[in-house]
Amino acid sequence: ARWNLPEKYVLFVGNQEPKKNLPMLVQAFFAARSHKRLPHKLLLVGQYGWKCGDLFRLIRELDAASYVLFTGYVPRGALPYLYNLADLFFFPSIVEGFGIPVIEAMACGCPALISDDPALREVAGGAAMEVPRGSLPAMREAMEFLLENDVERAKLREKGLARAAGFTWRRTAELAMQSYMKALG
């Protein structure tokens with residue numbers, strides 16, 4: 001209730017900056033919603049970064065303000081609720097260093113759709129559907145396919161939960177220790 005969430009939505013979580021590829025996400029979502037008359041809204045969660053003006057201008061041009069929603073910053077403790085209620089998580093970044101929101105979404109059982117950025121592909125480990133980060137048609141088609149296909153979303157949900165289970169703080173500490181030991185030789 002605090003964020004006035006829509007009943008059905010596609011979720012993005014992250015700082016809103018050019019490398020996140022949000023204009024392409026908005027355009028693909030606009031096309032999918034128009035083409036298939038999807039009831040979903042697009043929920044963009046995160047702090048406003050630099051060059052957000054272009055994104056806001058695009059939303060005005062598409063007359064999409066009624067179904068492209070911004071929450072701004074959301075406390076970490078509230079994010080699992082947003083992931084759990086989403087029909088789909090989409091992370092279309094052009095480039096990432098790691099992609100923590102992908103793991104968070106999968107850990108919450110939210111089916112994930114990602115760009116083909118190498119870091120995201122490695123993090124997802126085959127547990128998310130991938131699309132070319134520069135292909136508007138591929139993004140639109142993937143969203144349509146997943147939003148209309150409960151079976152495929154369920155498969156991604158299961159794969160994502162299994163993949164996310166391998167990302168623990170203990171495992172991270174073990175890998176860090178191994179790296180230090182190797183470096184010290």
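**Close-ups of a predicted model**

**View 1. Met177 on helix H8.** In this predicted model, Met177 comes out as partly exposed, with a relative accessible area of 49%. That falls just short of counting as exposed, because the label needs over 50%. The residue sits in helix H8, which covers residues 169-184.

**View 2. A nonpolar patch on the surface.** Here Met177 has company: Tyr180, Met181 and Leu184 join Met177 in the patch. Taken together, the four offer about 520 Å² of accessible area.

**View 3. The largest pocket, with H8 in its lining.** This pocket holds about 460 Å³ of space. Its lining is made up of 15 residues, and those closest to the centre are Phe98, Ile103, Phe167, Thr168 and Thr172. Two elements, helix H4 (100-107) and H8, each give two or more residues to the lining. H8 gives the most, with five residues. So helix H8 turns up again after View 1, where Met177 was placed in H8.

**View 4. Leu5, ahead of strand E1.** Now to another part of the chain: Leu5 lies in the segment that comes before strand E1 (9-13). Leu5 is partly exposed, at a relative accessible area of 25%; to be called buried, a residue has to come in under 20%. Once neighbours within four places in sequence are set aside, Leu5 is in contact with Leu43, Leu82 and Leu85. Phe91 gives a sense of scale: Leu5 and Phe91 are 86 residues apart in sequence, and their C-alpha atoms are 19 Å apart in space.

Terms used. Residues numbered from 1 in each chain as written. Predicted model: local features only at pLDDT ≥ 70, side-chain atom pairs only at ≥ 80, totals over all residues. Heavy atoms only, no water. Helix = DSSP H or I, 4+ residues; strand = E, 2+ residues; numbered from the N terminus. Buried < 20%, exposed > 50% of the residue type's maximum accessible area, 1.4 Å probe, protein only. Contact = heavy atoms within 4.5 Å. Patch = residues over 30% accessible without salt bridge, like charges linked within 9 Å, V, L, I, M, F, W, Y side chains within 5 Å. Areas by Shrake-Rupley, 256 points an atom, 1.4 Å probe, with all protein chains shown as cover. Salt bridge = Lys/Arg side-chain N within 4 Å of Asp/Glu carboxyl O. 1 Å grid on protein atoms, 1.4 Å probe; cavity = no way out; pocket = protein on both sides within 12 Å on 5 of 7 lines; lining within 4 Å. Points joined across faces, edges and corners; volume = space filled by probe spheres on them.
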